[in-house]
Amino acid sequence: MKTIRSTADLAIFGASPAFVEPLHVGRPNLGDKEALLRYTAEIYDRRWLTNNGPLVQELESRIAARLGVKHCVAMCNGTVALEIAVRALGLEGEVIIPSYTFIATAHALHWQAITPVFADVDPDTHNLDPDAVRRMITPRTSGIIGVHLWGRPAPTDALQQIADEHGLQLMFDAAHGFDCSHQGKKLGNFGRCEVLSFHATKVFNTFEGGAVVTNDDELAEAIRLMRNFGFAGYDNVIHPGTNGKMPEINAAMGLVNMDALGEFVCANDRCHSQYFAALAGVPGLTVLPYDRDNDPNYQYVVVEVGDDSAVSRDEILAALHAENILARKYFWPGCHGMQPYRDLFPHARLVLPNTIRVAERVIVLPTGPTLSEVAIDTVAAVINQRMAAA
Ligand SMILES: *Cc1c(COP(=O)(O)O)cnc(C)c1O
């Protein structure tokens, strides 16, 4: 395999982009196609397409066992799972969340007439800063949603302590953290419940999908009812609810991808290590590290462009895009800068200096099982070349 080791090797750039097919962030991880086709045939033969089918039940048991959590309630997507969890916890008034997260964390609240209140993040971890959370508590606050950003655990102990002191509910958006650990337990075991996303771009996907996981029997029961219009058997509606059900075909994809999860994570780990080594010496750039003790899924290769960088984040992005390397800003400019929150809270930015800094510095690079060693070398070479040209 030809490896790009120096700028001299970069003669291939310039006339045409380095990649004919663009390299994407969030390219889906796919397990065995034949296995999915076998499940599909089974679904046809059974004529059971949705409504808590056998494949959904099997997927729920496998996820619960894998995460060491009592209940897994599979859903049509992570956003509806968030909405249902928020309802099941009885959240109202104001709920504190980070602004540096995917917009669904905020929308799941606003959609239910709950006010998301944005607290600042720790610039090193990109996760909620507990002191910032404390500063945002008001008499209307009913809960906190921590986000395990990039799959790196949020400060669960500090947040639990704040929740306990103030009588607040605590739950987590674990959309990035599937199969990751914290304090010797899998994510999914913290707060009153945690929400997973199985969207196509996540490390583990069911095309679209999500789940609420919890160790609380009563909460799980309420969430199961709410997922299916509140039905407790034919003709008997005993609870408010919505349609959050996962179809069988999605569960089939989940079962197939579950078997391949080890390979996906292994490939992600390989990519992350290679990027880490290739960009280690570049002044002004930091590849965010993962802690091996926490079983990271390495789904996000996050590069931070520091103040000491000779080239701006956007200039590096432009150089990558010119070579068909579709690296991305992520969660920029923060939820507080997006609608309707920008108009609702025009002054939110004044208490979010770290969020703004981080959002302006981050680049997420392509990764995953389809990325070859040469591809990663090339991505790193494009970055190195752009930095050297400054
Ligand atoms: C992906 C994601 C969601 C939403 O999940 P969907 O399954 O796409 O609805 C929520 N929060 C975070 C942090 C996410 O990354």
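A residue is called buried here when its relative accessible area is under 20%, and exposed when that area is over 50%. The structure is a predicted model, and helix H6 is a convenient place to enter it.

Helix H6 spans residues 156-166, and its buried residues are Thr 156, Leu 159, Ile 162 and Ala 163. Viewed down the axis of H6, these buried residues fall within an arc of 130 degrees, so they line one face of the helix. Asp 157 and Asp 164, on the other side of H6, are exposed. The buried residues pack against helix H5 (130-135) and against three strands, S5 (141-147), S6 (169-173) and S7 (181-182). After H6 comes Gly 167, which has a positive phi, near 65 degrees.

Two of the strands just named, S5 and S6, lead into a sheet. This open sheet consists of seven strands in the order S2-S10-S9-S6-S5-S3-S4, with mixed pairing. Strand S2 (71-75) and strand S4 (115-119) stand at the edges with a single partner strand each, so one side of each has no neighbour in the sheet. From one strand to the next, the twist averages 25 degrees. Strands S6 and S9 (residues 194-197) run parallel and are joined by two bridges; Asp 173 stands opposite Val 195 in S9. Helix H4 (residues 103-110) packs on this sheet, where it touches strand S3 (94-98), S4, S5 and S6, and its direction makes about 175 degrees with that of S3. Helix H6 lies across S5 and S6 and runs at about 150 degrees to S6.

A further open sheet is formed by three strands in the order S11-S12-S14, and its pairing is antiparallel. Its edge strands are S11 (285-287) and S14 (362-365), each of which pairs on one side only. Neighbouring strands in this sheet are turned by 25 degrees against each other on average, direction ignored. Four bridges connect strand S12 (residues 301-305) with S14 in an antiparallel arrangement, and Val 301 stands opposite Leu 365 in S14. Helix H8 (residues 248-279) packs on the sheet and touches S11, S12 and S14; its direction makes about 160 degrees with that of S11. Helix H11 (residues 353-361) lies across S12 and S14, running at about 45 degrees to S14.

The last feature to consider is enclosed space. The count comes to one cavity of 30 Å³ or more. The largest cavity holds about 100 Å³ of space. Its lining comprises 15 residues, of which Val 25, Gly 26, Thr 201, Gln 299 and Thr 367 lie nearest its centre.

Terms used: Residues numbered from 1 in each chain as written. Predicted model: local features only at pLDDT ≥ 70, side-chain atom pairs only at ≥ 80, totals over all residues. Heavy atoms only, no water. Buried < 20%, exposed > 50% of the residue type's maximum accessible area, 1.4 Å probe, protein only. Arc of directions from axis to C-beta. Contact = heavy atoms within 4.5 Å. Pairing = 2+ DSSP bridges. Axes fitted to C-alpha atoms, helices over the stretch in contact; angles between N-to-C directions. 1 Å grid on protein atoms, 1.4 Å probe; cavity = no way out; pocket = protein on both sides within 12 Å on 5 of 7 lines; lining within 4 Å. Points joined across faces, edges and corners; volume = space filled by probe spheres on them.
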